[in-house]
Amino acid sequence: MDKNIAEAEEKLFALNLDKDLKEAYDAREREINDEITRMRGARDEGKEEGKREGKKEGQKEIVEAMRKHGVTDEDIKKMTGIDPSELS
């Protein structure tokens, strides 16, 4: 069934409920929407944290590779903008 039709039928059903049932229905619908919003926020926060951690790990790998080739921490900072002392 088309999503829009299903939503319209659901709204029509809600309008036909008695007052107490309608209030309970509306309250539950708000709870569900609030939970969806919280879940999306947590997901987005988790993605951002993952990106930050990934970037930091990538920077550590770059610093380690440069150190293996004899590049000093001072030169690493000049060339990359990465401060090796902040990655520990």
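Which residue just after α2 takes a positive phi? This report on a predicted model answers that below, after the overall layout.

## Helices and overall shape

The chain contains 3 helices and 0 strands. Followed along the sequence, these elements give the pattern α-α-α. The radius of gyration of the chain is 27 Å, while the globule rule gives 12 Å for 88 residues, so the chain is more spread out than a compact globule.

The box filled by the C-alpha atoms points to the dimensions of the chain: roughly 75 × 25 × 15 Å along the principal axes.

## Helix α2 and the residue after it

Helix α2 covers residues 19-68, which makes 50 residues. At 1.5 Å a residue, helix α2 should span 74 Å, and its end C-alpha atoms are 73 Å apart, so the two values agree.

The residue asked about at the start is Gly 70, which has a positive phi of about 85° just after α2.

## Burial and contacts

Of the 88 residues in the chain, 9% count as buried. The chain exposes about 7,500 Å². Carbon and sulfur atoms supply 53% of that exposed area.

Contacts can also be sorted by separation in sequence. Among those between residues at least 6 apart in sequence, 17% join residues at least 24 apart.

## Charges

The chain carries 19 positive and 25 negative charges. The mean position of the positive charges and that of the negative charges are 3 Å apart.

Methods. Residues are numbered from 1 along each chain as its sequence is written. This is a predicted model: local features need pLDDT of at least 70, side-chain atom pairs count only at pLDDT 80 or more; totals for chains, interfaces and linings use all residues. Side-chain values use heavy atoms; hydrogens and water are left out. Helices (H or I, at least four residues) and strands (E, at least two) are DSSP runs, numbered from the N terminus. The radius of gyration is taken over C-alpha atoms; the globule rule is 2.2 Å times the number of residues to the power 0.38. Buried means under 20% relative accessible area, exposed over 50%, partly exposed in between (1.4 Å probe, protein chains only). Contact means heavy atoms within 4.5 Å. Accessible areas come from the Shrake-Rupley method with a 1.4 Å probe; for residues, only the protein chains shown count as cover. Lys and Arg count as positive and Asp and Glu as negative; His and the chain ends are not counted. The place of a charge is taken as NZ of Lys, CZ of Arg, CG of Asp or CD of Glu. The expected span of a helix is 1.5 Å times one less than its number of residues.
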